[in-house]
Amino acid sequence: MLIKKAKGKHGFTLIELMVYIGLLGVVVVIAGIAFSDSTKFRLRSEGMIKANATASDVASFMLEDVGQTGAKVAKYATSTSLDGFVFKDSLYLDPDNASAVAKDSSSYRISKSCTNCNTDTLTVRRVRYNDAGEFVAVEEVRWFTVGRKLFRGCRTINNTSSTADADCPVKDRVADIIPVEIADNVDTFKVVPAKPRVISDGTNSANDKSYLLPGTSASVKNFRLVPRYGEGDFMPVTVSPAAGGINVTLSNFATNYDFELMQPIVDGKKANQVFVAEASGANSSNNSWKDLCLKVDLEPHVEYEIAFSAPYDMNPSRMFCPGRDYAAVGFRNADGEKIAGLDDFNFFLPASATEKPTRSIRFNVKQQINNVCMAFTFASYSPLAANGKVSLQDVALRKVETSNFNFDDEDYEPLISDKMNVKALMLKLVVKYNGESSIVKQIIPIPSNGPRD
């Protein structure tokens, strides 16, 4: 008889148990690493989102806050003037300083918040308006850091309203304002002023250095006009005084009008051209325009301004007919040829005593142009215009220092006299949360800063 042997129960062997524990340990480690990485990623994501949001909010707030720096024109509810507008000197930081080098006609100030740190303090002044666009007050706003916290404070320094502004109380000193925390975890708060292309050198002001013709100073008013003739279709013209001065008059123009047929010579090309030169005692007939004309270099991407005055006079020049007669100002090279890509600028002669005589033309060039002269060109096709006289005053060519700037030098600190020509500020902001940084660079235009254009 066969007897079946019962199967006995038995556990894991030691080797099997060790393998099981080892596998379990690997799974726990992998799960732990995955959980840790997930937590770190979540914290980094939260930090990145929060840093980006904070930096963007601050930049947007400052764009609105700082963009009105120097804003100075507003309606004045109680004004008795005809135009009803007001202008407040309190917008300037120090416009009446007895020292010329300390006179500050700007509306901003940048200083360090602390020693050897990467944070600045920015103070700006601006006008507050009511809903009707009327002047209410001049406000001074200050942005600064304490530790890694960014604060904003505001005080009213010139107020016409009987109702106080809770957000910008009337205070005599900046130290009296209650600062409001705007952001924390700020590693960098740096404000960089745009560097004007024309700046003071400690001796000459930016305004003086901006002038190229007739002299390298705004105070140089005398100029000379040297005629070009005997070349092609250019005819002689009388210049008085020949040696130049503040006011130079041209007469005895060439004409392209046929008095027998009583009609313009359609294909007539007779013209008069005079070049801007330095005023002197020598008679202009002794030298050619090529020898006497003032030569300048025009730089690319710089805004220039040609300015002059053509006063009205009761002579036949008032019969100048736009679209038929020709008057223009432009540049010529050493051979008297036009500059490629730089056309002449037409202008009209005044036809009445009520017309403003000032002419102002702004332009820029795409590439460097060297050794050129500025010239006025006239061509008459009307029966009477050529018999008139044209007076030119205050002829000048200058760089517009308030319109040309860059941020090439982030350590630029303008002289006080140059601050009024700063027309933009660049905000550099670094906010850091959970090891993640958000970096913002934003350019904020401040076109109203300073007293001039």
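Two strands pair if DSSP finds at least two bridges between them. The close-ups below apply that rule to a predicted model.

**View 1. An open sheet of 5 strands.** The strand order is 3-4-5-6-7, and the pairing is antiparallel. Strand 3 (108-112) and strand 7 (180-183) stand at the edges. Each has a single partner strand, so one side of each is left without a neighbour in the sheet. From one strand to the next, the twist averages 25°. Strands of a sheet pair through backbone hydrogen bonds, either parallel or antiparallel.

**View 2. Strands 4 and 5 of this sheet, side by side.** Strand 4 covers residues 120-129. Strand 5 covers residues 135-146. The two pair in the antiparallel sense over 8 bridges. To find your place, look for V124. Opposite V124 stands V141 in strand 5.

**View 3. An open sheet of 3 strands.** Here the order is 8-25-26, again with antiparallel pairing. Strand 8 and strand 26 (436-445) are the edge strands, and each pairs on one side only. Neighbouring strands of this sheet are turned by 10° against each other on average, direction ignored. Strand 8 is joined to strand 25 (residues 424-433) by 7 bridges. These two strands run antiparallel. One facing pair carries two lysines: K190 stands opposite K428 in strand 25.

**View 4. The largest pocket.** Its volume is about 330 Å³. The lining counts 17 residues. I110, S111, P193, Y412 and E413 lie nearest the centre of the pocket. Both strand 3 and strand 8 (186-193) supply at least two residues of the lining. Strand 3 gives the largest share, 5 residues. Strand 3 is also an edge strand of the sheet in View 1, and strand 8 is an edge strand of the sheet in View 3. By residue type, the lining divides into 8 nonpolar, 1 polar and 8 charged. Rolling a probe the size of a water molecule over the atoms shows where empty space is left.

**View 5. The largest nonpolar core.** This core holds 40 residues. L225, L298, I306, F331, F363, F376 and L397 touch the most other members. Many strands contribute. Those that give two or more residues include strand 13 (247-251), strand 16 (272-277), strand 17 (295-298) and strand 18 (304-309). Also on that list are strand 19 (326-332), strand 21 (358-363), strand 22 (369-379) and strand 23 (390-399). Strand 22 gives the most, with 5 residues.

**View 6. Strand 23 and its partners.** Is strand 23 mostly covered or mostly uncovered? Strand 23 is mostly covered, with 8 of its 10 residues buried. Strand 23 gives two or more residues to the core of View 5. Strand 10 (residues 211-213) pairs with strand 23 in the antiparallel sense over 2 bridges. In that pairing, Y211 has R398 as its bridge partner. Strand 13 and strand 23 also run antiparallel, joined by 4 bridges. There, the bridge partner of V248 is L392. Strand 18 pairs with strand 23 in the antiparallel sense over 5 bridges. I306 of this pairing has L397 as its bridge partner in strand 23. I306 and L397 are both among the core residues that touch the most other members.

Definitions and conventions: Residues numbered from 1 in each chain as written. Predicted model: local features only at pLDDT ≥ 70, side-chain atom pairs only at ≥ 80, totals over all residues. Heavy atoms only, no water. Axes fitted to C-alpha atoms, helices over the stretch in contact; angles between N-to-C directions. 1 Å grid on protein atoms, 1.4 Å probe; cavity = no way out; pocket = protein on both sides within 12 Å on 5 of 7 lines; lining within 4 Å. Points joined across faces, edges and corners; volume = space filled by probe spheres on them. Nonpolar A, V, L, I, M, F, W, Y, C, P; charged D, E, K, R; others polar. Core = buried A, V, L, I, M, F, W, Y, C linked by side-chain atoms within 4.5 Å. Buried < 20%, exposed > 50% of the residue type's maximum accessible area, 1.4 Å probe, protein only.
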